[in-house]
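Trainee: I'm new to this structure and would like a close look at a single part of it. Could you pick a spot and walk me through it, then show me what else is worth seeing?

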Amino acid sequence: MVRKYQLYLIEDEFAAHYFGRERLFYQLFQEHQKADGELKFITKKQISYITKRVEALKIHQLIQKQLGRIKGFKAVHGAYSIELSGKLSTAKLEVFQELITVEAGGSYEAETAFFEVLRKCETSFLALDLEHQRYGWLKPIKERKFI
């Protein structure tokens with residue numbers, strides 16, 4: 001089974017305000033995926049309002065630095081892949097301005113390696129697996145201090 005994640009950076013104020021109600025974010029992204037016409041336009045505006053642009057250069061540098069020496073790590077045309085345990089765990093990551101995508105298969109080892117790096121980079125990444133109705137923060141919000 002292939003797992004496909006979309007990772008969005010949520011603006012801190014929305015991340016804090018909707019803590020414990022992450023399902024609302026999930027529903028918005030799911031609605032956007034299914035929508036067309038006017039609704040697609042509206043949901044797109046809502047998504048761009050609550051999300052921050054991904055600092056692509058920062059992410060690229062961090063991934064190269066943290067994972068570059070791992071056996072099974074490859075960087076091809078700005079996309080990264082990891083194959084661990086003799087291909088029993090695979091993941092591919094791509095960085096875009098609005099989001100980061102991760103496609104993974106097998107055990108969770110390879111995608112976890114990517115998620116660990118991203119967690120250190122930003123505090124408000126929300127991971128969505130729309131196909132399997134799974135979602136959550138890469139870094140649990142309770143660890144953060146909001147004043």
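Mentor: Let's start with Lys-87, which you'll find in the loop between β4 and β5 (89-95). Keep in mind as we go that this is a predicted model. Lys-87 has a positive phi of about 70°, although it is not a glycine. Is Lys-87 buried or exposed? Its relative accessibility is 59%, so Lys-87 counts as exposed.

Now hop back along the chain to His-77, in the loop between β3 (73-76) and β4 (79-84). His-77 isn't a glycine, yet it has a positive phi, of about 50°. His-77 is exposed too, with a relative accessible area of 84%.

From those loops, let's move to strand β1, which covers residues 3-10. Six of its eight residues are buried, so β1 is largely enclosed by the rest of the structure. Which strands does β1 pair with? One of them is β6 (residues 100-106), joined to β1 in the antiparallel sense over five bridges. Look for Gln-6 there, standing opposite Thr-101 in β6. Another is β7 (residues 125-129), which also runs antiparallel to β1, with four bridges between them. Here Leu-7 sits opposite Ala-127 of β7. Then there's β2, just residues 51-52, paired with β1 in the antiparallel sense over two bridges. Follow Ile-10 across to β2 and you reach its bridge partner, Thr-51. While you're looking at strands, here's a handy general point: in a regular strand the side chains alternate between the two faces of the sheet.

Stay with Thr-101 for a moment, in strand β6. Its relative accessible area is 23%, so Thr-101 is partly exposed. Leaving aside neighbours within four places in sequence, Thr-101 touches Tyr-5, Lys-92, Leu-93, Glu-94 and Phe-96. Going from Thr-101 to Leu-130 takes you 29 residues along the sequence, and the two are 12 Å apart in space, C-alpha to C-alpha.

Next, the helices. Two packed helices are described by the angle between their axes and the distance between the axes. Try that on α2 (residues 22-34) and α3 (residues 37-50): their axes come within 9 Å and cross at roughly 140°. That makes α2 oblique to α3. The crossing of α2 past α3 is left-handed. On the α2 side, the contact is made by Phe-25, Leu-28, Phe-29, Glu-31, His-32 and Gln-33. On the α3 side, it is made by Leu-39, Lys-40, Thr-43, Lys-44, Gln-46, Ile-47 and Ile-50. Sorted by class, this contact between α2 and α3 has six nonpolar, four polar and three charged residues.

Helix α2 also holds Glu-22. With 13% relative accessibility, Glu-22 counts as buried. Beyond its neighbours within four places in sequence, Glu-22 is in contact with Leu-126, Tyr-135 and Trp-137.

Last stop: Ile-59, in helix α4 (residues 56-67). How does Ile-59 count, buried or exposed? Ile-59 has a relative accessible area of 2%, so it is buried. Again leaving aside neighbours within four places in sequence, Ile-59 contacts Val-54, Val-95, Ile-100, Leu-118, Cys-121 and Phe-125. As for Tyr-108, it is 49 residues away from Ile-59 along the chain, and their C-alpha atoms are separated by 21 Å.

How values were computed. Residues numbered from 1 in each chain as written. Predicted model: local features only at pLDDT ≥ 70, side-chain atom pairs only at ≥ 80, totals over all residues. Heavy atoms only, no water. Axes fitted to C-alpha atoms, helices over the stretch in contact; angles between N-to-C directions. Parallel < 35°, antiparallel > 145°, perpendicular 65-115°, else oblique. Left-handed = near helix turned anticlockwise from the far one by under 90°. Contact = heavy atoms within 4.5 Å. Nonpolar A, V, L, I, M, F, W, Y, C, P; charged D, E, K, R; others polar. Buried < 20%, exposed > 50% of the residue type's maximum accessible area, 1.4 Å probe, protein only. Pairing = 2+ DSSP bridges.
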